[in-house]
Amino acid sequence: MAARSVAVGLLKRALSSQQQVRGMSSATPKRKVAVLGAAGGIGQPLGLLMKLNPLVTDLSLYDIAGTPGVACDISHINTGANVEGFAGEEDLAKALKGCDLVIIPAGVPRKPGMTRDDLFNINAGIVRSLASAIAEHCPGALVNMISNPVNSTVPIAAEVFKQKGTYDPKRLFGVTTLDVVRARTFLAHRKGLNVRDVDVPVVGGHAGITILPLFSQATPKVDLSDEELDALTKRTQDGGTEVVQAKAGKGSATLSMAYAGALFAESCVKGMNGAQDIVECSYVASSVVPGLPYFSSKVRLGPNGVEEVLGLGKLSDYEQKGLDSLKSELMSSIEKGVNFVNVKT
């Protein structure tokens with residue numbers, strides 16, 4: 001019964017969100033969403049959550065193997081989305097055809113002692129191949145990048161799209177929503193707040209010190225001691241490592257990442273459908289911080305993807321110091337991604 005209650009709650013929340021969309025006709029626009037890496041630890045629960053979302057009419061699940069079984073399983077759920085599973089490189093084109101949104105959790109997970117940067121060589125090659133296929137088969141789709149290290153994989157995808165002549169910076173997103181979800185949760189627990197009422201913007205990047213939660217801009221406004229601020233910031237930055245250690249090296253943050261990915265994907269679809277004032281933090285092409293061509297900050301979503309990249313607002317002295325500290329590391333990750341495509345070509 002508990003599982004049924006969770007599923008019903010997800011459906012009610014998604015349906016409520018759909019009903020709140022303004023400027024739309026009564027008929028729900030048809031939206032095809034693809035999950036690339038759908039048989040993996042993130043991909044399976046993410047596929048489930050997208051099947052539960054009434055804004056999704058067609059769900060395409062792709063992986064190198066195992067996807068037909070995952071798709072069959074998910075397709076038995078009594079919601080409206082049509083589900084198809086595709087496996088192997090020969091099916092990638094069919095999986096992508098006609099997609100409005102492509103979510104990419106494909107890649108290998110972190111293992112004990114492994115940093116996001118350690119994942120680079122394997123996941124960079126995977127992302128490059130998938131981005132090339134997207135450019136060929138659904139160049140107008142919004143792309144949500146989950147594959148780590150996001151600080152580098154977003155620039156990799158951008159460089160591939162540039163080479164293919166399909167690059168649109170408004171349509172490429174690094175999904176940093178899990179950092180926001182963690183910051184909200186950790187702050188609510190620390191201060192005894194209702195987590196549903198809490199929001200915390202998180203800017204910068206999506207690894208270690210490049211993750212910068214702006215607790216000074218939290219809603220509701222809270223007073224934090226220096227000790228609390230430092231502890232909350234570091235816990236948000238180290239959230240992925242905390243999960244890896246808790247799973248004793250046998251897994252990483254898959255379930256919470258799937259949840260965060262589903263939240264961000266829903267916002268993208270709502271924006272495409274004409275909803276107003278859809279604002280999320282995301283790692284995108286940006287001029288918010290001079291010298292950093294990609295940066296995570298609040299963005300306003302709309303029919304074309306990024307409608308507006310919003311500024312950072314007023315930072316506290318602690319946050320300004322954090323921003324100054326992250327710049328060189330983030331730039332290094334960006335350059336690594338760009339060079340991977342241009343040097344390896």
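Among contacts in the protein between residues at least 6 apart in sequence, those joining residues at least 24 apart make up 71%. The model is a predicted one, and in it the protein has 11 helices and 11 strands. Of its 345 residues, 52% count as buried. One separation along the chain can be followed in detail at G240, a residue of helix α9 (residues 239-246). G240 counts as buried, with a relative accessibility of 5%. In sequence, G240 and M257 are 17 residues apart, and their C-alpha atoms are 9.7 Å apart in space.

Burial was then examined for individual elements. In strand β9 (residues 278-285), 6 of the 8 residues are buried, so this strand is largely enclosed by the rest of the structure. Strand β9 is joined by 8 bridges to strand β10 (residues 294-302), and the two strands run antiparallel. Within this pairing, A285 has Y294 of β10 as its bridge partner. Helix α2 (residues 43-51) is likewise mostly covered, since 7 of its 9 residues fall under 20% relative accessible area and therefore count as buried. The buried residues of α2 are G43, P45, L46, G47, L49, M50 and K51.

The packing of helices was considered next, beginning with α5 and α6. Helix α5 (residues 120-137) packs against α6 at an angle of about 35 degrees, and the two axes are 9 Å apart. The crossing of α5 with α6 is right-handed. On the α5 side, the contact involves F120, A124, V127, R128, A131, S132, I134 and A135, which meet S152, T153, I156, A157, V160, F161 and K164 of α6. By class, this contact of α5 with α6 comprises 10 nonpolar, 3 polar and 2 charged residues.

Helix α6 (residues 150-164) also holds a salt bridge within its own length, between E159 and K162. The closest N and O atoms of this pair are 3.1 Å apart. E159 and K162 lie 3 residues apart in the helix, so about one helical turn separates them. The two partners can be described by their accessibility: E159 is buried, with a relative accessible area of 10%, whereas K162 is partly exposed, at 42%.

A second pair of helices, α7 and α8, was treated in the same manner. The axes of α7 and α8 come within 9 Å and cross at roughly 145 degrees. Here too, the crossing is right-handed. Helix α7 contributes D179, R182, A183, F186, L187, R190 and K191 to the contact, while α8 contributes E228, A231, L232, R235 and T236. The residues of this contact of α7 with α8 divide into 5 nonpolar, 1 polar and 6 charged.

Two of the residues in the α7 and α8 contact, K191 and E228, also form a salt bridge, in which the closest N and O atoms are 3.5 Å apart. K191 belongs to helix α7 (residues 177-191) and E228 to helix α8 (residues 226-237), so the pair ties together parts that are 37 residues apart in sequence. K191 is partly exposed, with a relative accessible area of 30%. E228, by contrast, has a relative accessibility of 17%, which is under 20%, and therefore counts as buried.

Helix α8 contains a further salt bridge, in which the side chains of D230 and K234 meet at 3.2 Å, N to O. D230 and K234 are 4 residues apart in α8, so they are separated by about one helical turn. Both partners are partly exposed: D230 has a relative accessibility of 26%, and K234 has a relative accessible area of 44%. Salt bridges that share partners also join R190, K191 and E228 into one network. R190 of this network is among the α7 residues in the contact with α8. In the structure as a whole, the count comes to 12 salt bridges.

How values were computed:
Residues numbered from 1 in each chain as written. Predicted model: local features only at pLDDT ≥ 70, side-chain atom pairs only at ≥ 80, totals over all residues. Heavy atoms only, no water. Buried < 20%, exposed > 50% of the residue type's maximum accessible area, 1.4 Å probe, protein only. Pairing = 2+ DSSP bridges. Salt bridge = Lys/Arg side-chain N within 4 Å of Asp/Glu carboxyl O. Axes fitted to C-alpha atoms, helices over the stretch in contact; angles between N-to-C directions. Left-handed = near helix turned anticlockwise from the far one by under 90°. Contact = heavy atoms within 4.5 Å. Nonpolar A, V, L, I, M, F, W, Y, C, P; charged D, E, K, R; others polar.
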